[in-house]
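Here's a quick tour for anyone meeting this structure for the first time. Have a look at it, and then we'll go through how its parts hold on to each other.

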Amino acid sequence: MSYLPYALAVWIFVVGIYGVVSSRNFVHLVVCLTVTQSSTYVLLLAIGYTNGGTAPIFADVPQTSKAVDPVVQALTLTDVVVSVTVAALLLALAIQVQKRRGTMNPDELRELRG
Amino acid sequence: MTRRGRLALFAVSAAGLSALLLWAVAGLPDFGHFQGRYGATLNKVAVSERHATNVVTAIVFDYRGIDTLGEEFILFTSVIGVALLLRETRDETGRIHDAVRSDALRLVGIAFAAVLFTIGLYVVAHGPITPGGGFQGGVVLAGAFTLVYLAGDYRAYRGLTPQPALDFVEGAGAGGYAVIGIVSMLLGSAYLHNFGPFGTPGTLASAGTISMLNLATALEVTAAFVLLFTEFLEDLQLTREQSA
Amino acid sequence: MIPLQAAAMALVAFFALAVVLTREIVRLAMISSAYALTLVVLFVIFQAPDVALSELVVGAVAFPLVIVVAIVMQRGGE
Amino acid sequence: MDALVPLPVAIPLIAAAALTATGHFLEKRVDDLTAIAASAATLVISLLLVFHAADHRLAYWMGGWKPRHGLAIGVSFTVDPVGAGFAALAAALMTAALVFSWRYFDEVGTLFHVLMLAFLAGMCGFALSGDLFNMFVWFELMGAAAYALTGYRVEETSPLQGAINFAVTNTLGAYCVLIGIALLYGRTGALNLAQIGQTLAGRSPDGLVVVALTLVVCGFLVKGAIVPFHFWLADAHAVAPTPVCVLFSGAMVELGLYGVARVYWTAFAGVPGAHDGGLRDILLGLGVLTAVLGCVMCFLQRHIKRLLAYSTISHAGLMLIGIALLRPDGVAGSALIVIAHGLVKGGLFLCVGILLNALSTVDELRLRGRGRALWPVGVLFTLGALALAAPAPLGLFLGKSLVEGSAAHHSYGWVAPLVTAVTIVSAGAVLRVAGRVFLGLGAAEDPLLSPEPDEEHEVAQDPERSGVLMLLPTAALILAGVGMGLVPGIEHHVKHAAETFTDRQSYVATVLNGANEHTAVDSLSLLTLHASSVAWSLASLVGSVLLALLALYRERLVGRAARDRAYALVGGGLDALRAVHSGVIGDYVAWLTFGVAALGGLLALVLT
């Protein structure tokens, strides 16, 4: 159990990249990229977790109680926003590709080479 | 490279990468036994120093407020970027029709939007106290506007969200965040220094500039997501019109 | 608590793979939403309600957008 | 003076936000003026920071959160001359690009200017930040702006392809960095570079440290366009508007390498074994590979922007060689190459922009002889090409001679001939373009060169666009790049800056303990010329001119039989090399994965 959450993050990371490498559709590629990024959320939050700790919010619990690490959560929040923005930009590009070329398949874009 | 060659190269590399990563995480502290000084210290001092009962919000808007400045502008930049990338379609003019024509459905949609709007405001306002804050609340608020669009009254939607106003709110929200930092400097302290005023922990607006930065973020995020949705949805509407 | 954590992680692992292996666009949109929800559950279990809320609003608002984009694009392509 | 530190980030961001907020109500030209003013202000402040930080490093704590009992609880901008110099270089190039773009991007209102300003803020933040996660944030801001700018010409497919390749590879690189950050946080509980370095120092590295180093370095090397992470660069540069290419080639790529050097010298330099030969050899190998591959591909292009892009890859390899020596004088050499190359390459891209604007093509063969009418551009372009050839004491000479000297001093004697050979090929290619386009030399056809989709124009023609405003920044950049080495005292100041940059102990002391030691260097002496470096520089100058002539007149100079034999010898290899650069994103990501795994494996071998 003690390393399983970290291994989960590794799994998501590698699986996500596999999706990007093998993708035949830009929408699929973008979704796989967000999957890859979600591995970083899992890794960060798993690292910051403390057994028996509460959320780092002291509205209802006394400040002396044991809480999980708040820093990784702040980092993950930033990370989530980053993931949305990259996905939005890539989707906008994909839409334009579809309009110009009528294809969503990355393998069929071969203008730049050599 | 052929597809097969690419997958073979990836398979070998991914095996190596997985092995490396597993080797790396084996060096982490056991799950549930992390004892980082940084987080522990902030958990101890944030409430008394910053009068925000949500330590994560205190970190996001104060201890590491500069990260969030960057984050706001990443969102801001990507909205501008999407506007740039999808711009051409606005010349390919076409009339945008309402998606839904049933009045009953419209009414339900708009009522639901009103509920979402209230929830969004609540989430924004309670950021320093409970989970949530400018980002999450802002997305919910943007969702409420989008619901008006999806519920079908395009003119009502555009009346609610005219482009110059949206751009103004987006710029004011993001710029406001950066300007609040400058105000700290004009008051003689460091950039983004929290200059108060502090209230009782656990009440709204208790945490000084955290509350202001939270509000600026909410404005920016709401406008940003409404703009994003508008760009994409109008683009798709037009595409559909043309192909029909 | 431990079985709950293990179950949530297993779900996340499963859905991550499912997303990657789904090539059909409409189904991809649904499965990726489901994946976002499993992440939300995991984050709640990890005591990260702020992050869970973020993932929820993004998953509930941004992913439907992907759905719309994907479906309309596919129609345009046919 | 310390209060200046956040301004290189805050000023462009506030200007960008203000332009967006008021864009619908502004008079024309206000966007141009605001953007130029904000960028110029950033330049002035960054230069002030360079001088201010020249004798002591500054640690500026955002929000006033100074460390408590040696524990960093806030985010610091840690300013030294190298970091501030990078911000200044970015701002200088941005100012030139924006002046060049006067009336250029009118059709999109304020969007272009807003993206450029956000891009500038991202670069400045990355250069100044002393916190690993904060660096990641600025890295992403740079990226978001850059991806959108690359896809500017949405009406064609190739810019979209270039932007997608750029965005996907760099995003994956950023995730690698982030995983590395998470691992380091799990080990050290810190995000501040000084704090991380302090915790890692003195303990022998295990898997976590090795892999974290690998991931962070690889992530930044993607931005730095080092083989095998370089594929995106040529695609993105070939299609982005030329004023944007100035920033890409002159500052953004170099910032990736800066990230590697910064993180190494602050966080990892204290790790036992990190300083031994193994790491040095691996990085040197990567640098050599990149330099050689870049110059060969450069020589094979006829699309001039793509040619300059591969030349940038080749120079990125040279810069990495300087960093890879893991010595202060190597870092100083690389820093000087970065400055000279950034200015010169920026000017060259602007020359291409003028050609494109006037003659509606960027294809070397189609432009043959047509550049004669634009002779001032021709003069500048040729000067820039010669500066790349690094004749003593001009252009890239000073930086290269420092790298070569440092390498020779540490018994890497082969570096000097290799750097010279690479320079001959890449500068020769640019000189070939100069000869063909501006003098009409050489044949009208050349089957050796890669065919690429040409460009006709990047923005609509506008008769009111001022030729002077396009020529002025071009000339300024090229002349500054050519004469940079002649600034009195520059060699000593940069060497001193590199010593500050590589001094981990004093970095920690400044950041965590507030120590403030002054180490002034007062020198206005001119650069030193060593006989060997002058000889190598002459060889590269003569060699590149001869190579350019050979390329232009090989039909006449070399007999048919000899040519056929040469093609038979290398033709297959060149075709294979071309085929690897397939433009398909799946391939690029597979190579990226390969690079991370291979580099990680090698580092594991040498460090543990």
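How many salt bridges are there between chain D and chain B? The count is 3. Keep in mind that this is a predicted model.

## Where chains D and B meet

One of the salt bridges here pairs Arg64(B) with Asp131(D), and their closest N and O atoms sit 2.7 Å apart. There are also polar contacts across this interface: 12 residue pairs, with both residues at pLDDT 80 or more.

As for the whole interface, 72 residues of chain D are in contact with 62 residues of chain B. Together the two chains bury about 5600 Å², and 74% of that is on carbon and sulfur atoms.

## What chain D brings to the interface

Several elements of chain D supply at least two residues each to the side that touches chain B, among them helix H1 (7-22), strand E1 (58-61) and helix H4 (111-128). Helix H22 (585-607) is on that list too, and H22(D) gives the largest share, 11 residues.

What kinds of residues make up this side of chain D? They split into 48 nonpolar, 17 polar and 7 charged.

## Salt bridges inside the chains

Over all chains, the structure holds 19 salt bridges. Take Asp62(B) and Arg50(B), whose closest N and O atoms are 2.6 Å apart. Asp62(B) belongs to helix H3 (residues 55-63) of chain B and Arg50(B) to helix H2 (residues 37-50), with their positions 12 residues apart in the chain. Both Asp62(B) and Arg50(B) are buried.

Over in chain D, Arg187(D) forms a salt bridge with Asp206(D), again with closest N and O atoms 2.6 Å apart. Arg187(D) is in helix H6, while Asp206(D) is in the loop between helix H7 (193-200) and H8, so the pair links distant parts of the chain, 19 residues apart. Arg187(D) is partly exposed, at a relative accessible area of 25%, and Asp206(D) is partly exposed with a value of 25%.

## A network in chain D

Now for Glu364(D) and Arg436(D): their side chains meet in a salt bridge at 2.9 Å, N to O. Glu364(D) lies in the loop between helix H13 (328-359) and helix H14 (375-388), and Arg436(D) in helix H16 (residues 415-439), so this pair ties together parts that are 72 residues apart in sequence.

Are these two buried or exposed? Both Glu364(D) and Arg436(D) are buried. They also have company: salt bridges with shared partners join Glu364(D), Arg432(D), Arg436(D), Asp446(D) and Arg554(D) into one network.

Key: Residues are numbered from 1 along each chain as its sequence is written. Chains are lettered from A and ligands numbered from 1 in the order in which they are written. This is a predicted model: local features need pLDDT of at least 70, side-chain atom pairs count only at pLDDT 80 or more; totals for chains, interfaces and linings use all residues. Side-chain values use heavy atoms; hydrogens and water are left out. Contact means heavy atoms within 4.5 Å. Buried area is the accessible area (1.4 Å probe) that two parts lose on being put together, summed over both. A salt bridge is a side-chain nitrogen of Lys or Arg within 4 Å of a carboxyl oxygen of Asp or Glu. A polar contact is a pair of N or O atoms within 3.5 Å; within protein, one must be able to donate a hydrogen and the other to accept it, and residues adjacent in sequence count only if both atoms are side-chain atoms. Helices (H or I, at least four residues) and strands (E, at least two) are DSSP runs, numbered from the N terminus. Ala, Val, Leu, Ile, Met, Phe, Trp, Tyr, Cys and Pro count as nonpolar, Asp, Glu, Lys and Arg as charged, and the others, Gly among them, as polar. Buried means under 20% relative accessible area, exposed over 50%, partly exposed in between (1.4 Å probe, protein chains only).
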